[in-house]
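Please open the model in your viewer and keep the selection tool at hand. The tour goes from single side chains to whole chains, and each stop says what to select and what is there.

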Amino acid sequence: MCLLPKQVAIWRRKCKLHPIYSITLTRLKEFIRRPEAVFWVYFFPILMVLVLGIAFRNQTQEVFPVDVIEGPHAAQMKQHLVQSAQINATIIDRESSRKRLRTGKTTLAISARDPADQRSIDYLLDPQRPGALQVRNLVDDRLQTAFGRTDAFTATQTEFDEPGGTFVDFLVPGLLGIGLMGGGMWGVGFAIVDMRIRKLLKRYMATPMRRSDFLISMLISRLVFMVPQVLLLIAFSYFLFDYRVYGSLLAVTVLVFVGAMEFAAIGLVVGSRAQTLETASGLMNLVMLPMWTLCGAFFSYERFPEFFHPVIRLLPLTPIIDSLRGVMMEGESLLQQWPEMLVMVAWTVIPFTVAMVIFRWRD
Amino acid sequence: MPATVSSDPIARTGSPAIKCEGLIKTYPGKPPVEAVRGISFEVQQGECYGVLGPNGAGKTTTIEILEGLLDATSGSAEVLGMRWGSNDASIQHRIGVSLQETRLSDRLTVGEIVSLFRSFYAKGITPEEALRRTSLTEKKNAWFKTLSGGQKQRLAVATALVGDPDLIFLDEPTTGLDPGSRRELWDIVKSFGAAGKTVLLTTHYMEEAEQLCDRVAIFDAGKIICEGPPRELIRALGSEHVVEFSTDRPIEQSVIDQLNKIPSVDQVSSTQADCRMSIGQPHIVLPELIRQLTDQNYGLTELATRSASLEDVFVAKTGRHLAEEV
Ligand SMILES: Nc1ncnc2c1ncn2[C@@H]1O[C@H](COP(=O)(O)OP(=O)(O)OP(=O)(O)O)[C@@H](O)[C@H]1O
Ligand SMILES: [Mg+2]
């Protein structure tokens, strides 16, 4: 764009602004003049990475609290346990310990069933609780050795510390997916309902503006908003947590584009008929809330029963997150993401077609 | 552009700018609302046509059918010699619209909004010119949300005229404005007329219709109850003046009957202590009125004479006041 201002002026006078250009430009201006929207779209995801990244950072060495129930052998057992740097043993009465177990302050309580036999050890734990079994094994190892078990061999341990496997690596693609979904819902669906309520859509329909120009502009402005969204999130994660993208950036770009189109199409359906803000936000929540939890943005959907996995994989948010993780975390190629891409394309074409049929342009 | 001119139906035939026949619009629902119940009228090119009527009369429904924003249940509408449904864009390029209620974007400037609308039209005036014509040049860089009610209305009109239309629809352009802003808008509308444009406007204010419109149609309950140039409609009442007075106690029916017998009085109606007479010649009626009231020992608390207005036409036809809420 190295046209001289004078030439630009002549060009503008001759072939007035194209509607696509002018609608897109006004959408962008409206957006950046709304600081709260900019915050939610651009800085909220960064805040999420920051908070969750710190909360779930890989700890160098965890120390587990273990309760030793009062009794004749308690002191001795504690003695055995404190030799391990990973165990923090406390002697405590049975009642208090139960309470601590219930509230998650400890994950394991040990006692002797028979006061006369110090080897009659009982582990009290809730195996469902994360980490409980790990602590049990740790304690068991410690006590078995203390009571005379000899190891068959002594293994060495080498620490693996290449970046890639941290929670942040898992989280960034999830947040990108969530951002694309929110962008489509708010930036297309809600924006259209808002225009309809303000009778602005109707006003446009009284001009020769082409409906396709309007839709294309909504899409382009979506794509433009998205670029800083993606770049900021990746850049901040890089600076804060030494985050790396393993796969090709081109593949990431293609996936993000496909995901943005997908959610723009879904946003279009959501906004195609609603005439009140209540209906619009109801519909948006109906779409977004289940996917926030189900689609593996913050924790893997592998935790849900196997039976549900195929269904979860067909939801619109799952394929974008899964394929982004495939590329960004595991360095897979774009081609390997074809099943996910197929689902996303279906979620683009079908909602778009439906929206075009049911769309309320004039009222 | 000769090609455009030769395909221009108006240029060829001189047909009316708007022609509608037997328009009916029933909104579905329980029960269905018969908003427009058989409306027919024609607007000639260069005419300023006013649609006047109380709330819910069907003004917006009719104008939106003509703007191509609503489909009529039945009836036909022709705009600039064309019908909606086949080549809508060619009509839209030549009309300008201001809806009854549109909230433009709060955080766009006046100039940006007009440029946006300009970009939709193949031909038109520059955004600067549109702002000049609506006296908004100084507000060019102000956000929409900072504008006053009158400025917002003028901006709505600016977006309607930026495509340099032959026909302009204005739905209640002055409702809710103070008298000053209203007058500013009147000047804008008058300048359309001076430029030979056709205007269709709706309004609640009979004064506005009398000021601006070459012809008016008075709507009531989805029908046109009378149509014509404002002065003729008033003249057709027979009585060109109205006397309104109030007394210190309610007027008895016998007195009203007496007043009715005064020569040149056409109609007397009263509510409690307020009375209204439609008359021909004030100089005959007034002395007689005062004499009779004095004879009957009524004290006059208020007395006013004025020329009959469209309001009186409406009252004569429906027995109700036009602006009930005022
Ligand atoms: N979308 C709609 N659905 C159902 N009824 C409607 C709809 N729009 C208007 N109406 C009804 O149709 C009738 C005519 O409405 P319209 O808006 O045309 O009146 P109007 O003359 O413009 O009134 P106002 O002066 O208040 O603007 C009213 O009774 C209104 O309640
Ligand atoms: Mg109306």
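Begin by selecting B:C226, a residue that is buried, with a relative accessible area of 9%; buried here means under 20% relative accessible area, exposed means over 50% and partly exposed lies in between, with a 1.4 Å probe and protein chains only. This is a predicted model, in which local features need pLDDT of at least 70 and side-chain atom pairs count only at pLDDT 80 or more, whereas totals for chains, interfaces and linings use all residues. Residues are numbered from 1 along each chain as its sequence is written, chains are lettered from A and ligands numbered from 1 in the order in which they are written, and side-chain values use heavy atoms, with hydrogens and water left out.

Stay with the cysteines for a moment. A search of the whole structure finds 0 disulfides over all chains, a disulfide being a pair of cysteine sulfur atoms within 2.5 Å. B:C226 is in no disulfide, and the nearest cysteine sulfur, that of B:C213, is 13 Å away. Select B:C213 next: this residue is in no disulfide either, and its nearest cysteine sulfur, that of B:C48, is 4.1 Å away. B:C213 is buried as well, with a relative accessible area of 6%.

Now move to B:R154, which is found in helix 7 (residues 149–161) of chain B; helices (H or I, at least four residues) and strands (E, at least two) are DSSP runs numbered from the N terminus. Is this arginine, B:R154, buried or exposed? B:R154 is buried, with a relative accessible area of 7%. If you leave aside its neighbours within four places in sequence and display the residues in contact with B:R154, you should find B:T134, B:S135, B:L136, B:E184, B:L185 and B:I188, where contact means heavy atoms within 4.5 Å.

For an arginine in the other chain, select A:R113, in the loop between strand 3 (108–112) and strand 4 (121–125) of chain A. A:R113 is exposed, with a relative accessible area of 59%. Its contacts, apart from neighbours within four places in sequence, are A:S120, A:I121 and A:D122. Add A:Y123 to the selection and draw a distance between the C-alpha atoms: A:R113 and A:Y123 are 10 residues apart along the chain, and these atoms are separated by 9.9 Å.

Zoom out to the whole of chain A, which has 14 helices and 4 strands. The radius of gyration of chain A is 28 Å, well over the 21 Å that the globule rule gives for 363 residues, so the chain is more spread out than a compact globule; the radius is taken over C-alpha atoms, and the rule is 2.2 Å times the number of residues to the power 0.38. Along its principal axes the C-alpha trace of chain A spans about 100 × 45 × 35 Å, and buried residues make up 44% of the chain.

Finish with chain B, where colouring by secondary structure should bring out 13 helices and 14 strands. The C-alpha trace of chain B spans about 75 × 45 × 45 Å along its principal axes. Of the 326 residues in chain B, 49% are buried, and residues 24 or more positions apart account for 68% of the contacts with a separation of 6 or more in this chain.
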